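Biologist: I'm new to this one. Could you show me the structure and walk me through it?

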Amino acid sequence: MPLKQFMTLPRHILEGEKLHPEATGELSAILLQLGLAAKVISLEVNKAGLVEILGFTGKTNVHGEDVKKLDMFAHEMLIRAMDHGGHFCVMASEEDENIIHLPPHQKIGKYVLLFDPLDGSSNIEANVSIGTIFSIYKRISKGDGPGVIEDCLQPGFKQVAAGYIVYGPSTIFVYSAGHGVYGFTLDPAFGEFLLSHDNIKIPARGRIYSINEGNYNSWSRGLKKYIKHLQASKFEGKPYQLRYVGSMVADIHRTLLYGGTFMYPGDKRNPKGKLRLVYECNPLSFIIEAAGGVAIDGERRILELTPSSLHERTPIFAGSKDDIELLKKFLDEEKE
Ligand code: P6P
């Protein structure tokens with residue numbers, strides 16, 4: 001295999017560490033551990049379809065082991081993989097109402113880990129791609145004790161690293177530590193993530209728009225005009241296409257690679273939309289921006305929003321720079 005194909009995730013993380021002479025290696029250790037957790041979750045996700053076929057009750061399997069719902073399995077796997085390294089002062093999961101307290105007598109670290117263990121898990125029965133999303137900050141609270149909720153409510157531009165794992169036809173680990181976006185595909189033959197997407201840059205424009213058109217009637221007038229404009233336009237001589245998986249990680253991953261837009265707007269019923277600022281929009285916006293794209297809530301940059309609670313939701317319009325700029329013109333016209 002040519003050398004590039006031996007660029008494994010661990011090697012890439014450690015080489016990235018050399019860009020920071022002051023690095024202590026803690027962030028590298030966190031990313032390495034996330035890579036390990038991703039492999040274990042991928043294994044479980046890939047056999048999920050067998051749960052019924054192999055006669056698992058969904059409660060306890062033939063070995064008398066508890067068969068957990070996959071999102072709870074991913075949630076517990078991430079906590080078990082991450083809570084003993086001494087790197088964190090606090091963690092929080094989309095599956096939990098509140099922050100996760102570290103085990104007693106655990107060394108307290110300087111980092112904060114926020115994660116959505118299995119986003120899109122309602123799609124599992126249909127064998128649709130799903131994903132894990134993670135976001136890493138440095139603590140801001142004072143003292144040496146455990147972190148507090150304020151450590152988890154920082155604006156997204158304060159992230160030191162973020163990324164996702166998409167469990168699809170392949171399992172792909174995508175991350176940025178502030179110096180570009182890199183994707184690694186899991187080779188199940190020897191259980192390692194190999195560099196497959198080097199320094200991803202999102203195209204300035206794309207032919208795909210991604211939105212749940214089932215909500216059309218509750219959209220704003222400006223958004224309706226924008227979508228109608230796309231449907232009447234062409235890009236590079238071809239009509240625009242609507243692609244919507246209904247799994248944010250999959251829709252964002254496609255947008256990152258092919259360009260275009262992913263949109264989950266607010267509407268009359270839910271002005272702040274559905275997606276969570278802390279667990280979904282901040283980490284995925286960090287990736288989109290690191291790849292040269294744009295992510296807004298319709299007015300402001302997502303990464304400049306300060307969360308007021310862990311489960312706060314926000315509208316999100318993310319993707320190619322030129323596409324989002326055109327969208328914003330339509331949204332602003334409505335306000336004139
Ligand atoms: P809707 C999955 O349930 C999720 O949280 C995101 O992954 C996805 O983008 C969104 O909800 C889909 O929501 O309302 O279009 O089904």
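Biologist: How many residue pairs are in polar contact between domain 1 and domain 2?

Modeller: A polar contact is a pair of N or O atoms within 3.5 Å; within protein, one must be able to donate a hydrogen and the other to accept it, and residues adjacent in sequence count only if both atoms are side-chain atoms. With both residues at pLDDT 80 or more, the count between the two domains is 11.

Biologist: And what sort of residues make up the side of domain 1 that touches domain 2?

Modeller: Elements giving two or more residues to that side include β3 (111–119) and β4 (130–138); strands are DSSP runs of E, at least two residues, numbered from the N terminus. Ala, Val, Leu, Ile, Met, Phe, Trp, Tyr, Cys and Pro count as nonpolar, Asp, Glu, Lys and Arg as charged, and the others, Gly among them, as polar. The split is five charged, 15 polar and 24 nonpolar.

Biologist: Where are the domains, and what can I trust here?

Modeller: This is a predicted model, where local features need pLDDT of at least 70, side-chain atom pairs count only at pLDDT 80 or more, and totals for chains, interfaces and linings use all residues. Residues are numbered from 1 along each chain as its sequence is written, and side-chain values use heavy atoms, leaving out hydrogens and water. The bounds, from an automatic or database assignment, are 9–197 for domain 1 and 208–333 for domain 2.

Biologist: Which residue forms a salt bridge with Arg-276?

Modeller: A salt bridge here is a side-chain nitrogen of Lys or Arg within 4 Å of a carboxyl oxygen of Asp or Glu. The rule finds one across the domain interface. For Arg-276, the closest N and O atoms are 3.0 Å apart, and the partner is Glu-94.

Biologist: What about the ligand: which residue has a polar backbone atom 2.7 Å from one of its oxygen atoms?

Modeller: Residues around the ligand (a heavy atom within 4 Å) include Asp-119, Tyr-244 and Met-248. Asp-119 puts a polar side-chain atom 2.5 Å from a ligand oxygen, and a side-chain N or O atom of Tyr-244 is also 2.5 Å from a ligand oxygen. The backbone contact at 2.7 Å belongs to Met-248.

Methods: Helix = DSSP H or I, 4+ residues; strand = E, 2+ residues; numbered from the N terminus.
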